Amino acid sequence: MAVTRGLEVIEGARWVMAQARHVRLDAAGLEAACAEILRRDLPVPAWNDRWHFTDGTWRTANYLLVLDALNFSFWAAPGEVRWGIEHRGEALRGYWALAAALTRAIEGGVPLFEATFMATCPAEKLAGILAGRGTIPLFEARLAHLHEVGQGLLDRWGGRFDRLVAACDGSAVTLAARLPEEFPSFRDESPYKGRTIRLAKRAQILPADLWGAFGGRGPGAFHDIDQLTAFADYKVPQVLEALGVLRYDAGLVADLEAHAELPPHSEAEVELRAATLVATDALRERLAAAGRPLTAVELDWILWELGLAPDRRFKPYHLTRTTAY
């Protein structure tokens with residue numbers, strides 16, 4: 001069972017779900033989702049090196065640090081143009097647009113993997129890197145995050161993220177726990193009924209991305225990758241609800257359908273994120289019992305990919321303007 005030692009992510013999520021009012025897990029839906037994944041034999045998506053920069057060196061590790069420092073809040077409010085870019089003849093939006101925009105910049109000669117560049121990048125330069133259709137939300141926060149990770153690398157790690165990774169002795173959990181200490185913008189906690197709940201979305205997705213990009217070798221060689229949870233964002237709960245795994249109360253459904261924003265750290269928002277982690281862990285356990293062992297990371301990737309399927313109807317995902325996800 002994934003326990004995420006040192007982070008206590010799943011334990012906090014279970015504590016939330018023991019008293020949640022807006023979101024619950026559906027046992028029948030869990031069984032049905034397990035059966036569907038088994039029946040369709042859904043594969044674990046391979047690491048995408050078309051949109052990600054990948055050269056197998058420390059530069060890739062630095063790129064991934066930048067990517068996940070900026071990896072949040074891509075949705076557009078109703079009536080607004082969703083930010084995206086054109087790259088290699090394809091229109092990309094959201095996360096893939098960010099990954100490709102950074103790759104495009106590097107291919108165009110921008111030293112984005114250099115810590116000095118990260119720490120001193122002018123606003124107009126980052127705006128040029130992210131130029132496309134529409135305007136990316138929370139631009140100033142992204143610029144601040146870029147400066148923060150660059151300065152942190154210069155101050156403590158000789159400009160190289162792989163050195164911090166090496167100091168974690170092959171532990172993805174240790175790296176996820178250290179990231180908010182090294183770079184405070186990776187801190188992802190929410191108050192809930194008198195307790196601080198650690199959800200650690202971007203802090204966990206970064207070691208998972210290293211694992212994927214390096215094929216489990218070098219800076220991606222983690223002995224405890226199976227101890228990470230899924231990643232609490234807005235896309236995976238949308239998929240889990242469509243599969244029948246999550247059920248929402250009438251008020252939350254009304255808010256989603258009205259495209260009403262849920263404030264960060266609000267009760268419903270924390271419950272949605274906690275439910276995502278608990279539901280994914282429960283689904284992972286059922287799949288393992290049925291002969292399909294997967295890590296939470298692999299299952300998260302499967303669910304996220306399933307969320308792109310055009311043949312399934314989804315409720316609107318929840319709208320929370322935050323740097324956490």
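Here is a short chat about a buried residue and the empty spaces in this predicted model.

Me: How do you know that D68 has no salt bridge?
Reply: A salt bridge needs a side-chain nitrogen of Lys or Arg within 4 Å of a carboxyl oxygen of Asp or Glu. For D68, the nearest side chain of opposite charge, K201, is 6.2 Å away, so no salt bridge is counted. D68 is nevertheless buried, meaning under 20% relative accessible area with a 1.4 Å probe, protein chains only.

Me: What makes F186 a contact of D68?
Reply: Contact means heavy atoms within 4.5 Å. D68 touches F186, R202, I205, L206 and D209, leaving aside residues up to four places away in sequence.

Me: Why is one space called a cavity and another a pocket?
Reply: On a 1 Å grid over the protein atoms alone, a cavity is a set of points where a 1.4 Å probe fits but cannot get out, whereas a pocket is an open set with protein on both sides within 12 Å along at least five of seven lines. The largest cavity has a volume of about 60 Å³, and the largest pocket holds about 840 Å³.

Me: What makes Y95 a lining residue of the largest pocket?
Reply: Lining residues have an atom within 4 Å of a point. Of the 37 that line this pocket, Y95 is among the closest to its centre, along with W96, K235, W304 and L308.

A note on the numbers: residues count from 1 along each chain as its sequence is written. Local features need pLDDT of at least 70 and side-chain atom pairs 80 or more, while totals for chains, interfaces and linings use all residues, and side-chain values use heavy atoms, without hydrogens and water.

Notes
Buried means under 20% relative accessible area, exposed over 50%, partly exposed in between (1.4 Å probe, protein chains only). Lys and Arg count as positive and Asp and Glu as negative; His and the chain ends are not counted. Grid points are joined across faces, edges and corners, and a volume is the space filled by probe spheres set on the points.
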